[in-house]
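Please open the model in a viewer and keep the sequence panel visible. The tour below proceeds by selections, each followed by what is to be found there.

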Amino acid sequence: MRIWKPNVTVAAVVERDGRFLLVEEETEDGLRFNQPAGHLDRGESLVAAVAREALEETAHHFRPESLVGIYQWPRPAGDITYLRFAFAGTVTGFEPERPLDTPIVRAVWLSLDELRASRERHRSPLILQCCEDYVAGRRYPLELIRHYDA
């Protein structure tokens with residue numbers, strides 16, 4: 001018997017001058033927008049994972065400062081459920097020559113209005129929801145999360 005487990009992911013919600021840092025990536029459904037996001041690696045803390053994913057996908061160094069929310073989303077096509085931890089924070093550096101992870105095409109900054117207008121190109125409904133929650137002021141201290149090293 002297979003034991004069901006959700007896929008744990010992290011996402012960086014980065015806002016600067018009214019624009020959000022997103023990635024445009026190749027998917028089986030074509031080019032889609034997403035936050036810099038990815039899966040938690042074995043033994044990795046959630047905070048370390050989101051900083052790593054942001055760097056790998058955007059070439060921006062990301063410092064998580066708060067938790068925006070925890071989102072449980074069962075993907076309509078398939079048996080995958082994502083458990084996403086979205087973090088707000090700031091960009092602390094940029095490596096313009098750093099290659100981006102495959103299948104990332106580019107990093108892009110979009111306004112909330114541009115995000116709302118491009119819903120059909122979002123990888124999931126979580127992208128807009130995370131940004132709207134951020135704009136609504138949802139910020140929870142990182143102390144909510146306890147990580148114990150193995």
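**First stop: the S2–S3 hairpin**

Select strand S2 (residues 15-16), which is joined to S3 by 2 bridges, the two strands running antiparallel. Strands (E, at least two residues) and helices (H or I, at least four residues) are DSSP runs, numbered from the N terminus, and two strands are said to pair if DSSP finds at least two bridges between them. The model is a predicted one, in which local features need pLDDT of at least 70 and side-chain atom pairs count only at pLDDT 80 or more, whereas totals for chains, interfaces and linings use all residues. Residues are numbered from 1 along each chain as its sequence is written, and side-chain values use heavy atoms, with hydrogens and water left out.

Display Glu15 and Phe20, which are bridge partners, the latter in S3. S2 and S3 form a hairpin with 2 residues between them. In its turn, select Asp17, which has a positive phi of about 55 degrees.

**Along strand S3**

Extend the selection to all of S3 (19-27). How many of the residues of S3 are buried? The count is 7 of 9, and the strand is thus described as mostly covered; buried means under 20% relative accessible area, exposed over 50%, and partly exposed in between, with a 1.4 Å probe and protein chains only.

S3 has further partners to display:

- Strand S8 (residues 104-111) pairs with S3 in the antiparallel sense over 7 bridges; select Val23 and its partner in S8, Ala107.
- S4 (30-34) also pairs antiparallel with S3, over 5 bridges; select Glu24 and its partner in S4, Phe33. A hairpin of 2 connecting residues joins S3 to S4.

**The open sheet**

Next, select the 4 strands that form an open sheet in the order S5-S1-S7-S6, with mixed pairing. Strand S5 (37-39) and strand S6 (60-74) are at the edges with a single partner strand each, so one side of each has no neighbour in the sheet. On average, neighbouring strands of this sheet are turned by 25 degrees against each other, direction ignored.

Centre the view on strand S1 (residues 7-13), which pairs with S5 in the antiparallel sense over 3 bridges. S1 is joined to S7 by 7 bridges, and these two run parallel. Ala11 is a useful residue to label: its bridge partner in S5 is Ala37, and its bridge partner in S7 is Ala86. Val10 has Gly38 as its bridge partner in S5. S1 is mostly covered, with 5 of its 7 residues buried.

**Helices on the sheet**

Add helix H3 (residues 126-135), which lies across S1, S6 and S7 and runs at about 115 degrees to S6. Angles run from 0 to 180 degrees between N-to-C directions, and axes are lines fitted to C-alpha atoms, for helices over the stretch in contact; contact means heavy atoms within 4.5 Å. Because 7 of the 10 residues of H3 are buried, the helix is largely enclosed by the rest of the structure. Its buried residues are Leu126, Ile127, Leu128, Cys130, Cys131, Asp133 and Tyr134. After H3, select Gly137, whose phi is positive, near 90 degrees.

Turn now to Glu56, found in helix H1. Not counting residues up to four places away in sequence, Glu56 touches Arg98, Pro99, Leu100 and Asp101. For a distance check, the C-alpha atoms of Glu56 and Leu144, 88 residues apart along the chain, are separated by 26 Å.

**Last stop: the largest pocket**

The largest pocket has a volume of about 650 Å³. On a 1 Å grid over the protein atoms alone, a pocket is an open set of points where a 1.4 Å probe fits, with protein on both sides within 12 Å along at least five of seven lines; lining residues have an atom within 4 Å of a point. Of the 28 lining residues, select Glu25, Asn34, Arg75, Tyr82 and Arg123, the closest to the centre of the pocket. Which element gives the most to the lining? It is S5, with 3 residues.

By class, the lining has 10 nonpolar, 8 polar and 10 charged residues. Ala, Val, Leu, Ile, Met, Phe, Trp, Tyr, Cys and Pro count as nonpolar, Asp, Glu, Lys and Arg as charged, and the others, Gly among them, as polar.

Technical notes. Points joined across faces, edges and corners; volume = space filled by probe spheres on them.
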